[in-house]
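Student: Hi! Got a moment to go through a structure with me? I'd like to start with one chain and then see how it meets its partner.
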Amino acid sequence: MEPAQLKRNIQRIRNLPTLPPIVAKIGKLVESPTTSSADVARVIAQDQVLSAKILRMANSPFFGMSRKISSVTQALVILGFNVIKGLVLTTSVFEMIQHSIVGLWEHSLGAAAAARVIAARVGEAEVEEVSVAGLLHDLGKVVLTVQLEPEVRDQIFKLVEDKKISFMEAEQELLGFTHAQVGLWLAEHWKLPETLAEPMTYHHHPERARLAPLQTAIVHLADIVIRARGFGYGGDPYVPPLSGEAWKLLGLSTKDFDAILEDIEPGLMNLADYT
Amino acid sequence: MIKKIPLDQAQPGMVLAQQVVRDDGVLLAKKGAELTEGVLRMLARLNFETVQIEVGSSETPEELEARLAKEEADIEARFVRVASDPILTELKQALTRRLRQEAHGTGPA
């Protein structure tokens with residue numbers, strides 16, 4: 001690719017989509033150590049549609065709550081600020097996800113379900129947060145495909161098909177950068193916590209994660225398992241390579257696969273109702 | 001074989017593998033009943049999320065074998081770029097095992 005075209009592509013993508021002002025407002029609030037759940041809930045409550053969507057997601061099967069969450073304040077207390085921030089982000093970019101790659105939303109939901117199951121299995125305490133990290137892991141891909149000129153985007157799809165390579169390899173070959181890089185820009189731009197930012201940036205290279213290595217390794221394996229299972233579409237039909245380091249960090253055995261696959265299934269069945 | 005499916009994937013003509021009962025115990029549809037547009041609309045209105053249906057009853061052993069062979073080939077195709085990884089090969093075998101178990105009704109419904 002010519003340098004001028006490359007520069008144009010980067011500029012197009014770096015001109016990141018603007019989110020509704022409420023997202024920035026919540027982001028800012030969450031950063032402050034003196035903010036209480038009630039403060040955040042008050043801001044969210046101003047937007048009834050957003051409140052309803054958050055409650056719907058919070059009560060959906062992939063959080064597997066044993067009792068119904070009936071208020072945004074309750075959701076904040078039970079699920080934590082980072083999870084709610086992730087959900088606000090998800091609802092804000094939902095339409096964009098729908099317009100990016102057919103099947104990417106299902107892939108994201110599937111990865112969230114898988115991340116949840118794997119997190120529980122390896123004894124990670126913040127199961128919900130890792131699940132949201134799974135939900136958001138391919139946001140870089142969403143923004144990349146939505147922001148690029150349609151011809152360039154179609155070239156990526158064509159390259160995947162013609163050369164039988166992964167979406168990421170096609171991005172690298174055609175653009176000189178990948179959705180992982182875009183994920184990093186997004187995470188910085190939207191001031192996401194490292195537990196969401198690192199899985200977004202390093203889910204293909206979990207050994208590079210410095211601040212949230214376990215969460216990143218979980219999302220890495222979740223992406224692999226859900227692609228292997230065949231649910232949704234992540235831009236190419238291939239199971240990506242497994243990082244030996246991440247596998248070691250997770251401390252799982254191949255005997256765990258049967259149980260993981262079994263535990264993911266109920267989540268996938270019900271997800272259809274929430275999309 | 002019995003399969004639990006999301007309501008929005010249920011089609012008229014499918015056969016219920018289990019009766020559908022409302023929270024207060026009222027029977028809404030009998031086991032063995034054929035789903036109709038009307039029943040599906042009612043279940044949607046009452047916020048049912050899934051139904052249990054009979055599947056495979058019309059499938060001959062040859063058709064079943066052909067479907068499984070196709071699904072196995074699909075799994076194989078997804079793993080083509082990681083075929084040399086011993087850990088992921090175990091994952092592939094777990095998926096294939098699951099497929100066979102479900103088809104023969106020994107897996108979870």
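Student: What does the domain assignment give for chain B?

Tutor: Happy to help! Keep in mind that this is a predicted model. The assignment for chain B gives domain 1, covering 2-54, and domain 2, covering 61-103.

Student: And how many Å apart are the C-alpha centres of those two domains of chain B?

Tutor: The C-alpha centres of domain 1 and domain 2 of chain B are 31 Å apart.

Student: Let's look at helices. At what angle do H2(B) and H3(B) pack?

Tutor: H2(B) and H3(B) pack at about 165°, and their axes are 10 Å apart. Angles over 145 degrees count as roughly antiparallel, so that is how H2(B) and H3(B) run relative to each other.

Student: Is the crossing of H2(B) and H3(B) left-handed or right-handed?

Tutor: Right-handed, for H2(B) and H3(B). On the H2(B) side, the contact is made by B:Leu64, B:Leu68, B:Glu71, B:Glu72 and B:Ile75, while H3(B) brings B:Lys92, B:Leu95, B:Thr96, B:Leu99, B:Arg100 and B:Ala103.

Student: What's the split by class in that contact of H2(B) with H3(B)?

Tutor: It has 6 nonpolar, 4 charged and 1 polar residues.

Student: Switching topic: how many residues of chain B are in contact with chain A?

Tutor: 23 residues of chain B, and they meet 19 residues of chain A. Strand S1 (2-6), helix H2 (61-78) and helix H3 (86-103) of chain B each supply at least two residues of the side of chain B that touches chain A.

Student: Which element gives the most to that side of chain B?

Tutor: H3(B), with 8 residues. By class, the side of chain B touching chain A has 11 nonpolar, 10 charged and 2 polar residues.

Definitions and conventions:
Residues numbered from 1 in each chain as written. Chains lettered and ligands numbered in written order. Predicted model: local features only at pLDDT ≥ 70, side-chain atom pairs only at ≥ 80, totals over all residues. Contact = placed C-beta atoms within 7 Å. Helix = DSSP H or I, 4+ residues; strand = E, 2+ residues; numbered from the N terminus. Nonpolar A, V, L, I, M, F, W, Y, C, P; charged D, E, K, R; others polar. Domains from an automatic or database assignment. Axes fitted to C-alpha atoms, helices over the stretch in contact; angles between N-to-C directions. Parallel < 35°, antiparallel > 145°, perpendicular 65-115°, else oblique. Left-handed = near helix turned anticlockwise from the far one by under 90°.
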